[in-house]
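Visitor: Could you take me through one part of this structure up close? I'd like to see who sits next to whom, and what is tucked away or out in the open.

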Amino acid sequence: MFSVIPLDKFVSPLGGQVIELQQLDYDAGGMSLLRTRIRENSRFTVFEVDPLIARQWGEALLRWAQAQPETQATTSAPTPTPTLP
């Protein structure tokens, strides 16, 4: 058996997919795995990666994000416009 430790959860603002990151620790010991769960309506995609692949994937995501113009960034909620008195 294993225990699941929630790490992060967020929603893609464009497609509405719910993305969850969880750490899996097996009772017998050994390395922890990173589980990624993507829920899109009633469909789930779940996969688990080891620390090496998680690092490579994370670095690739960061390289891509840093190469994008700042104006393309999206947020899950619009910034409120201040009102004047």
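Guide: Sure, let's start with Phe10 and its neighbours. Setting aside residues up to four places away in sequence, Phe10 touches Gln17, Val18, Ile19 and Leu21. Keep in mind that this is a predicted model. Phe10 itself belongs to strand 1, which covers residues 2-11. Its relative accessibility comes out at 38%, and since partly exposed is the class between 20% and 50%, that is where Phe10 lands.

Now hop along the chain. Ile38 is 28 residues away from Phe10 in sequence, and the C-alpha atoms of the two are separated by 9.9 Å.

Next up is Thr36, which you'll find in strand 3. Thr36 has a relative accessible area of just 3%, so it counts as buried, the cut-off being under 20%. What is packed around it? Ignoring neighbours within four places in sequence, Thr36 is in contact with Ile19, Glu20, Leu21, Thr45, Val46, Phe47 and Trp57. Ile19 and Leu21 may ring a bell: they are also among the residues that Phe10 touches.

Finally, follow strand 3 (33-40) out into the loop that leads to strand 4 (43-49), and there you meet Asn41. Asn41 has a relative accessible area of 70%, which makes it exposed, because that class starts over 50%. Have a look at its backbone too: the phi of Asn41 is near 60 degrees, a positive value in a residue that isn't glycine. Most residues other than glycine have a negative phi.

Methods
Residues numbered from 1 in each chain as written. Predicted model: local features only at pLDDT ≥ 70, side-chain atom pairs only at ≥ 80, totals over all residues. Heavy atoms only, no water. Helix = DSSP H or I, 4+ residues; strand = E, 2+ residues; numbered from the N terminus. Buried < 20%, exposed > 50% of the residue type's maximum accessible area, 1.4 Å probe, protein only. Contact = heavy atoms within 4.5 Å.
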